Structure formats: structure tokens, C-alpha cells
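Reader: Hello! Could you take me on a close look at one part of this model, the second helix and what surrounds it? I would enjoy one connected account.

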Amino acid sequence: MADNLQNFLLRTRRYVRELDTGTSFWTDLFLTQMFNASYRRRCAALIIAFEGWFSLVATRDLVEGQEAYGFPDGLSRLLKLEIVRTDGTRVPLRRYERHETANPANNTQSTGDGYLPTFRPFSNGFVLEPPPIETVTDALRMEYTGLPAFLSSAGDKLHPSFPELFDEMIVLDTVCSALDAEGLHELGPIPSIKALRDQWTEDFEQYIQSRVVARQRIEPTFGPYFDY
């Protein structure tokens, strides 16, 4: 059976040889903070791998005349955006970045199951073009990935999607972070904190490249040039 947070902290303390929380340099609260930081960082690496880890589903209502819709709280990467037909059929929407022509008028599009807009990301959400001309409940379906919740209580466990085989890696991450934190008091905080910040920056630069579904079509502002 997978370990819980209490056992993860105990395993960490065995490495640093400070089992007595009353006399330890590291409090359980601080070790928990470092454990969660490492845990979610490793989860983010799995999301970057795009293997379906931590996949969730959310729905939105189509609202008459409304073009902008928000992403669910906690969304890390949008995997698929679909229109749900009245018979339950789901049709993926195409991401389309429009750089030419006017936005399509909503009164020129069909209604009901004939409605098939394009979308583009906008302000932590997306815009449908053209907007719907009728309201339909749960007509938008999103598949997305979201980072798992922090572990806070002693009995909390890792997300079921996290490979149980590698939970020791998170413990070792926490051990290294704990030893680094102790070193801050001996060597001075600035160099160590900057090095840690650089590691997170490198991860962040990789992470933001996978923000929204990768498949897309972008129309250029100008067409190809031909020399006749």
C-alpha cells in the first residue's frame, strides 16, 4: 500500500538522521513544504511528457451571444476541447488563430448540432468564433491536466496517477532540499537561492511550451509571394 505523508516525512528524517521532531533543525511543516514542492515539480514533468497523466474533464454551457469562456481552476494543459451533440457525439474543435478578415458574424452560422466554431486561447480561457446563438447546457467538454493537490494531513497520499515506483525520488528530493536549507545558514543564502531559482526557471521554460493543445493552424498575415 502506498505511503502517506506521515511516512514520507519519517523516511526523510531517516536520511538526515534527525528522527526527533522536537530537537530537529527541520520542522515537519518545513519538510512538508519542501516535499510538496518536489512532488508537484515531478508531476509537472510527467505532464510535459504528454502521456495522459493527471487527466481531468470539465464541461461548460454554451451561452447565447457569449464568445469568451474560462478554463477550469487548476488547469495546467488543455488536451482537447469538444462540442457535445444532442446524441452524445463529441466533435473536437479546431484551434484557429485568425490574422485576416473580420470575425465571423454569429447570425451567419447554423444552430444546434450544426454549430462548429473554432477557438483560440484568450486570458486564461478561450474564445469561440463565431459565438453561439443559443444556450445549450454542458455543450462544451474539456479534457485537461491539472497538478494534484498539496499533501497536508498525515494520512494524505500521492495522486493515483503518480508512479508509485518513484516515490523514493521525491523523498530524496526533500532530503536534498533540507540539506540545502541548512547550508543557507552556513554559506549564505544568496548563491544557494539563486541556484535553486535557476533550476525552477529552467523547468518553467519547458513547462510553458505545453500550455495548450499543440496541434493548431495559424493563417499568415500575408500570403506567399509569387514573382511572375
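Author: Happy to. A residue counts as buried when its relative accessible area is under 20%. Ser-38 has a relative accessible area of 7%, so it is buried. Please keep in mind that this is a predicted model.

Ser-38 is a good place to start, since its place is in helix 2. Leaving out residues up to four places away in sequence, Ser-38 touches Ile-170 and Asp-173. With Asp-173 there is also a polar contact: the two side chains are joined at 2.6 Å. Further along in the numbering, Cys-43 is buried too, because its relative accessibility is 0%. Cys-176, by contrast, has a relative accessible area of 46% and is therefore partly exposed. As for cysteine pairs, the structure holds zero disulfides.

Now to the helix that packs here. Two packed helices are described by the angle between their axes and the distance between the axes. Helix 1 covers residues 5-16 and helix 2 covers residues 28-48; their axes come within 10 Å and cross at roughly 100°. Angles of 65 to 115 degrees count as roughly perpendicular, so helix 1 is roughly perpendicular to helix 2. On the side of helix 1, the contact is made by Leu-5, Phe-8, Leu-9, Thr-12 and Arg-13. Helix 2 brings Asp-28, Leu-31, Thr-32 and Phe-35 to it. Sorted by class, this contact has five nonpolar, two polar and two charged residues.

Let us follow the chain out of helix 2. The loop between helix 2 and strand 1 (55-62) holds Phe-54. Most residues other than glycine have a negative phi, and most peptide bonds are trans. Phe-54 has a positive phi, near 60°, and is not a glycine. With a relative accessible area of 2%, Phe-54 counts as buried, because the limit is 20%.

One residue that touches Phe-54 is Thr-145, which is found in strand 8. Thr-145 counts as buried because its relative accessibility is 3%. Leaving aside neighbours within four places in sequence, the contacts of Thr-145 include Ile-47, Trp-53, Phe-54 and Ser-55. Gly-74, Leu-75, Ser-76, Arg-77 and Leu-79 are also among the residues in contact with Thr-145.

Strand 8 (136-146) leads to two further backbone details. The loop between strand 7 (125-129) and strand 8 holds Pro-130, and the peptide bond from Glu-129 to Pro-130 is cis, with omega near -5°. In the loop between strand 6 (118-121) and strand 7 lies Ser-123. Ser-123 is not a glycine, yet its phi is positive at about 50°. Ser-123 is exposed, because its relative accessibility is 65%, whereas Phe-54 is buried.

Finally, a step back to the whole protein. The secondary structure comes to four helices and nine strands. Read from the N terminus, the elements run α-α-β-β-β-β-β-β-β-β-α-α-β. Of the 228 residues in the protein, 33% are buried. Among contacts between residues at least 6 apart in sequence, 77% join residues at least 24 apart. The contact of Ser-38 with Asp-173 and that of Thr-145 with Phe-54 are two you can look up in the model.

How values were computed
Residues are numbered from 1 along each chain as its sequence is written. This is a predicted model: local features need pLDDT of at least 70, side-chain atom pairs count only at pLDDT 80 or more; totals for chains, interfaces and linings use all residues. Side-chain values use heavy atoms; hydrogens and water are left out. A disulfide is a pair of cysteine sulfur atoms within 2.5 Å. Buried means under 20% relative accessible area, exposed over 50%, partly exposed in between (1.4 Å probe, protein chains only). Axes are lines fitted to C-alpha atoms, for helices over the stretch in contact, and angles run from 0 to 180 degrees between N-to-C directions. Helices (H or I, at least four residues) and strands (E, at least two) are DSSP runs, numbered from the N terminus. Angles under 35 degrees count as roughly parallel, over 145 as roughly antiparallel, 65 to 115 as roughly perpendicular and the rest as oblique. Contact means heavy atoms within 4.5 Å. Ala, Val, Leu, Ile, Met, Phe, Trp, Tyr, Cys and Pro count as nonpolar, Asp, Glu, Lys and Arg as charged, and the others, Gly among them, as polar. A polar contact is a pair of N or O atoms within 3.5 Å; within protein, one must be able to donate a hydrogen and the other to accept it, and residues adjacent in sequence count only if both atoms are side-chain atoms.
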